[in-house]
Amino acid sequence: MADSQELADFLGAHPPFQGAPPAVLAEVAAAAVEREYGSGAWVVDPRRMDVSTDTDTVWVVHTGRVVIMHPDATSPTEVPIDTIGEGGVFGFSALLSGGTVEFRARALEPSVVLQLPGALVRPLFATPTGLAFLADAVNSSSAYRGGPVEGSAGRTVGELLSAPAVFVPVGTTVRDAVRHMTDQGSSYVLVPLRGSRHGIFTDRDLRIRVVAAGIGVDTPIEQVMTAPAETVTADRLAGTVLMDMLELGLRHMPVVSDRGEVLGVVEDSDLHAASTRRSFVVRRAVASASTSAELADAGRLVPRLVVDLFQGGTDAMAVSAILSVVVDSIVRRAVEIEWTARPDVPRDRFAWITLGSVARREAMPSSDVDSALSWADTTADPEVRGKANAVQRTRDEALMDLAARVHESLDGAGLPSDTNGAVASSPRFARSAGQWERAAAHWLSNPFGQRGNPAEDSGLIMSSLMIDGRVVWGPRELHTVPEAYRRLLVDHPDALRLQLRDALAGRARLRSLRDVLARRGGTFDLKAHALTPIVNLARWGGLSVGMASASTPARLAAASGNGMLSERDVTALSEVFALLQRLRLSHQIDQITAGHRPGDVLIMADLSPLERSLLTDGIREIAAVQRRVGYLAANVGVHR
């Protein structure tokens with residue numbers, strides 16, 4: 001048992017106990033029951049008589065970590081709902097409501113948990129600190145369980161990093177790598193490879209690839225590691241990264257900066273606090289679908305997921321990111337289902353690329369599905385090139401036919417295809433990696449296309465679509481367009497200037513000329529007149545500092561201080577973007593709830609006076625940034 005004063009000091013450092021009088025803390029500490037649990041042991045389980053379920057008890061993690069499980073969880077290995085670290089409190093919902101315990105809790109690692117009597121703790125929730133604690137809990141998607149407030153779906157993986165990455169060089173033996181892991185208290189090591197790639201070796205690899213396989217511990221680490229390791233940028237939301245890791249079967253994910261530098265490594269247990277049970281229910285339904293009809297059934301769960309997340313207090317940006325990940329999973333499953341029906345379609349060396357808002361992780365219920373295909377080029381050997389080209393043409397047609405069927409399946413799942421034809425079944429959006437690379441070079445030198453030839457691509461339009469693109473199936477290196485635009489400032493300053501001109505052309509405004517002529521003064525298109533100007537400015541800003549594919553907030557942050565966008569501009573645009581996404585999602589959820597198709601046109605009279613004021617101020621902020629950037633561009637140019 002810890003010393004009573006030590007427990008009092010520990011409790012006083014964490015809400016809702018912070019600020020409590022010393023005498024109260026001493027009384028609570030004296031009444032605390034301290035219990036030790038081994039890794040995997042149940043701490044709270046309504047199903048078991050030998051495990052505490054006292055509703056007049058609050059639990060506090062003293063050391064270690066505890067995961068919160070759904071009451072219907074059937075196995076200790078099921079995906080947890082949340083993770084509680086040291087100082088975390090759970091069980092207070094049942095205490096305050098007088099209800100039953102509606103969760104299960106299990107020690108993730110050897111842990112010490114304090115059981116505190118409800119009679120002593122209950123008054124603390126009436127204090128300012130206690131009320132603030134409850135307010136935070138209410139905003140958490142897990143609040144109904146009376147569980148954790150640590151983390152949320154809105155936190156980024158960069159915020160969750162707590163230690164630098166652990167490395168060993170190529171050539172290190174398994175023995176030395178494991179010794180280094182032990183010394184550093186790490187469950188993995190990273191191995192630097194050529195370029196910015198890394199290999200990764202984990203404790204799981206030790207068990208499966210070394211011990212179980214009978215491999216000697218003097219084997220070089222590169223023979224048993226995973227390479228290249230999947231990575232994630234620091235701006236990605238924790239909840240979406242966790243779902244990606246679960247889908248890929250990963251427990252570790254290196255986190256990299258915008259420039260590819262490794263910042264640290266997150267583990268799946270670090271991200272459980274950002275998960276939401278319903279999102280996993282939807283993902284499981286998608287994963288188990290074996291026909292287009294079953295996938296359509298799974299797709300019908302998505303609107304309810306979005307409504308529940310937002311109404312449950314999840315931040316709009318987080319809801320949007322989670323929706324994007326769910327859409328990705330439906331797209332992948334649609335491809336797999338169509339493959340099963342078409343065994344003649346090649347199953348390797350091609351990539352499905354998601355475009356638009358889904359690619360930026362900024363999807364809304366109204367978002368349609370933009371897509372593109374890229375595949376490996378045929379051999380350049382003159383002797384076999386003719387035959388290979390004929391085979392390639394047959395393959396191209398098969399892939400585009402597959403894409404058409406995939407989009408039909410997605411339509412049935414409630415994910416309509418892009419109305420402007422940006423779909424992988426179109427020859428404009430289905431090319432080999434080399435063709436995409438050559439197209440990008442052409443767009444850079446002919447951004448407006450050939451005058452008088454409407455069939456030729458408009459470089460500005462196509463590049464904007466493809467730069468946003470993200471591979472959701474297949475080798476990432478087949479998406480060759482973003483790489484061509486990373487050195488825009490140095491290699492193609494004129495093209496960068498045109499990107500800015502295009503970004504400034506769509507002015508933020510409350511009423512357009514078309515609105516006036518159509519007498520639509522009482523409506524406002526959130527996407528066209530407010531969000532798109534920010535997205536376009538952010539895309540240009542990212543390109544100005546060598547960042548291609550990324551989210552709008554990440555692009556803005558990277559562009560801060562690029563000589564055109566000031567830190568104040570970036571802050572203003574980021575805040576307005578978050579406001580607009582919240583208004584947009586709230587509006588679309590109201591439409592879904594009313595049984596209408598979600599859209600982006602608001603009726604101004606439906607907004608509250610505060611919302612109208614915020615929207616008006618936001619439009620002014622966007623327009624002001626556009627004017628300042630336009631003035632600088634006219635006087636000093638885009639590049640220095």
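Visitor: Which elements of the chain have the lowest and the highest mean pLDDT?

Guide: Helix α22 (residues 513-517) has the lowest mean pLDDT among the elements of the chain, at 49, and strand β9 (residues 188-192) has the highest, at 95; pLDDT is the predictor's confidence in each residue, from 0 to 100, while helices (H or I, at least four residues) and strands (E, at least two) are DSSP runs numbered from the N terminus. This is a predicted model, in which local features need pLDDT of at least 70, side-chain atom pairs count only at pLDDT 80 or more, and totals for chains, interfaces and linings use all residues. Residues are numbered from 1 along each chain as its sequence is written, and side-chain values use heavy atoms, with hydrogens and water left out.

Visitor: What is the mean pLDDT of the chain, and where does pLDDT stay under 50?

Guide: The mean for the chain is 81, with 82% of its residues reaching 70 or more. Over residues 138-153 pLDDT stays under 50, and the model has 54 contacts (heavy atoms within 4.5 Å) beyond four places in sequence for them; over residues 450-456 it also stays under 50, with 3 such contacts.

Visitor: Why is W339 called buried, and W473 partly exposed?

Guide: Buried means under 20% relative accessible area, exposed over 50%, and partly exposed in between (1.4 Å probe, protein chains only). W339 has a relative accessible area of 8%, so it counts as buried, whereas W473, at 22%, is partly exposed. By that criterion G356 of helix α15 (residues 356-359) is buried as well, since its value is 11%.

Visitor: What makes W339 and F350 an edge-to-face pair?

Guide: Rings of Phe, Tyr and Trp (its six-membered ring) pair if their centres lie within 6.5 Å, and planes under 30 degrees apart count as stacked, over 60 as edge-to-face and the rest as tilted. For W339 and F350 the centres are 5.6 Å apart and the planes stand at 80°, hence edge-to-face. W339 lies in helix α14 (residues 316-341) and F350 in strand β14, so the pair ties together parts that are 11 residues apart in sequence.

Visitor: How do you know that W339 and W473 form an edge-to-face pair?

Guide: Their centres are 5.1 Å apart and their planes 70°, which fits that class. W473 belongs to strand β17 (residues 470-473) and W339 to helix α14, so this pair ties together parts 134 residues apart in sequence. Ring pairs thus link W339, F350 and W473 into a cluster.

Visitor: Why is R104 said to sit over the ring of W42?

Guide: A charge sits over a ring if NZ of Lys or CZ of Arg is within 6 Å of the ring centre and within 35 degrees of the ring normal. The charged end of R104 is 4.0 Å from the ring centre of W42, and R431 lies over the face of W436 at 4.7 Å from the centre.

Visitor: What makes up the largest nonpolar core?

Guide: A nonpolar core is a set of buried Ala, Val, Leu, Ile, Met, Phe, Trp, Tyr and Cys residues joined through side-chain atoms within 4.5 Å. The largest one has 58 residues, and those with the most contacts inside it include F429, W443 and M466. Its largest share, 9 residues, comes from α23. Apart from it lies another core, of 43 residues, V282 and A316 among them.
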